[in-house]
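Biologist: Please take a close look at one part of this structure, the charged side chains that pair with one another. I would like a connected account that a first-year student can follow.

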Amino acid sequence: LHNAEELQFVITIIFQKALRERNWCETYADMVFALKHRYPEFPPEHEGEKPLTFTRVLLNTCQNEFESFPTTFEATEDEKKNESEQEWFLEMKRRKEKMLANVMFIGHLFLRSLLAVKVIGQVVHDLVGIREKLPEEHMIECVCELLQAIGYTLDQTPNGKDLMCKFYGRLVDLKRQSGPYGNAAYSKHVQFLIQDLLELRDKRWEKKFFKDQAMKKKHRSVTQELGLKMSDKGYKLTDTKTLKREEKIEREVRSLLNRITPDNLKTIVDRLAEQELHNAEELQFVITIIFQKALRERNWCETYADMVFALKHRYPEFPPEHEGEKPQTFTRVLLNTCQNEFESFPTTFEATEDEKKNESEQEWFLEMKRRKEKMLANVMFIGHLFLRSLLAVKVIGQVVHDLVGIREKLPEEHMIECVCELLQAIGYTLDQTPNGKDLMCKFYGRLVDLKRQSGPYGNAAYSKHVQFLIQDLLELRDKRWEKKFFKDQAMKKKHRSVTQELGLKMSDKGYKLTDTKTLKREEKIEREVRSLLNRITPDNLKTIVDRLAEQ
């Protein structure tokens, strides 16, 4: 790095990545702690100021981000006019997640002695300090999450202990606050969060999970390999001999799936193949774990599809349940699991009268969003199985028909989105076979028909978003799938390492190699830093730090 601006640029990339991936905050905090003396100091902007070090710039970035958050998350009149309630709700949810990630990152920096106790005091004061108006619920949630993570360490110093007593008193006061009609000012969720924190401190932070965050990393490998069970007083080693066989299989399979990446895929497949299965029920159990994991992590569907393709001949066959049926193979059980999951989805995602009575509109909206994401993940997983020749063309035809086939009622928008995503992924391959080409023509006609549908008042039946999705897909096929991103999914894995190390740029006709000499210095730094951050895990942290320090 040649100057302070480039140092600021690198830190901003790392910091924003940490905010987007809150569950990895601890790993990013370990990383910046390891980097704090690896970059050079730069002279200050103004004479008499302190030099610009990695730590100083990082803390300033944290502070600026924290101070930029609004004091309220309620929608303004203009925002209510310009955005629907659901759009605003999602935007607020995103902002709150970002704020919580920032607060947790600050907490992990404090645990690594990068921040002083007084900074924590200022953060908590800014969130729940005494003002004319009571703090919003999300502010209290942030404080509770923060103090659960750092409370034990804070209580070990005189200044920290005094602060904790003040925090304790303020939280008790907030828990007792009444609303305008004599009811509690805060929801049960927030009251329980406060109560749990207060009880945890009264018990002297006896749960080691909160008592020593540094121990988590030390015992991670033992947790995964040998099994650590949480007791009332911390972790204790589980005797694997006392585990039921099903529990043992589940623990080992989940442990391997939690580590999977495209780079270590072969190793994970070999380890999974070593798992001894004694009957068809155990095979079904393992496949269900893999399948449900793939549905929860849609962005990794392709990796999971590669994994099941590699496993298809690695497990033994088992005899059928009934005489005359075919043997139970890995592939057969997997496809049956996919089919059962797909057929279990409801035909509509609209709320019933009972659901409207029992749940708030926001709760129902989040539940529907989760179900739709799961359905889309299932459809995409089916598509990737087709690309690996694990499914026949007629299965794709049946899936699309079930989603957008002609019925009395028009299909819902999410069904059309699923079809568009699926055909973008597999359209080129489907068009290469006579049967597939015939199907594509039928799909094409049906989507054109849906795009032209009118609503009850003469307006378009579907939103602009869905209309554009259909139009993009139709134009892509008319151009003979000329974007290689859609044309050959199998090429993605082959070129992944080249993409990361040398830089591949997407052109209208596919990937082309970027000449690094023509890149601006800022673009080159950003590409290299993002490439490293995208690969970070607790296991390869030292390697990533060394590579970042070479910048």
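Modeller: K542 and D546 both belong to helix α28 (residues 541–549), and because they are four residues apart there, about one helical turn separates them. In this predicted model, their side chains meet in a salt bridge, with 3.3 Å from N to O. The two partners may be described by their accessibility. K542 counts as exposed, at 63% relative accessibility, whereas D546 is partly exposed, with a relative accessible area of 25%. The pair also belongs to a wider arrangement: R38, K542 and D546 are linked in a network of salt bridges. As a general principle, side chains of opposite charge can pair when their charged atoms come close.

A search of the whole structure finds 23 salt bridges, and two others may be set beside the pair in α28. One of them joins the side chains of E21 and K17, at 3.1 Å from N to O. Here E21 is partly exposed, with a relative accessible area of 26%, while K17 is buried, with a relative accessible area of 11%.

The other is formed by R388 and E302, whose closest N and O atoms are 4.0 Å apart. R388 lies in the loop between α19 and α20 (393–404), and E302 lies in helix α16 (residues 301–311), so this salt bridge ties together parts that are 86 residues apart in sequence. Both partners fall under the 20% limit for a buried residue: R388 has a relative accessible area of 14%, and E302 has a relative accessibility of 12%.

The loop that holds R388 follows α19, and this helix has a packing partner of its own. Two packed helices are described by the angle between their axes and the distance between the axes. Helix α19 (residues 361–387) packs with helix α17 (residues 330–344) at an angle of about 145°, and their axes are 10 Å apart. The crossing of these two helices is left-handed. On the α17 side, the contact is made by L334, L335, C338, E341 and F342; on the α19 side, K374, N378, V379, F381, I382 and L385 take part. Sorted by character, the residues of this contact comprise eight nonpolar, one polar and two charged. The charged residues are E341 of α17 and K374 of α19, and the polar one is N378 of α19.

Methods: Residues numbered from 1 in each chain as written. Predicted model: local features only at pLDDT ≥ 70, side-chain atom pairs only at ≥ 80, totals over all residues. Heavy atoms only, no water. Axes fitted to C-alpha atoms, helices over the stretch in contact; angles between N-to-C directions. Left-handed = near helix turned anticlockwise from the far one by under 90°. Contact = heavy atoms within 4.5 Å. Buried < 20%, exposed > 50% of the residue type's maximum accessible area, 1.4 Å probe, protein only.
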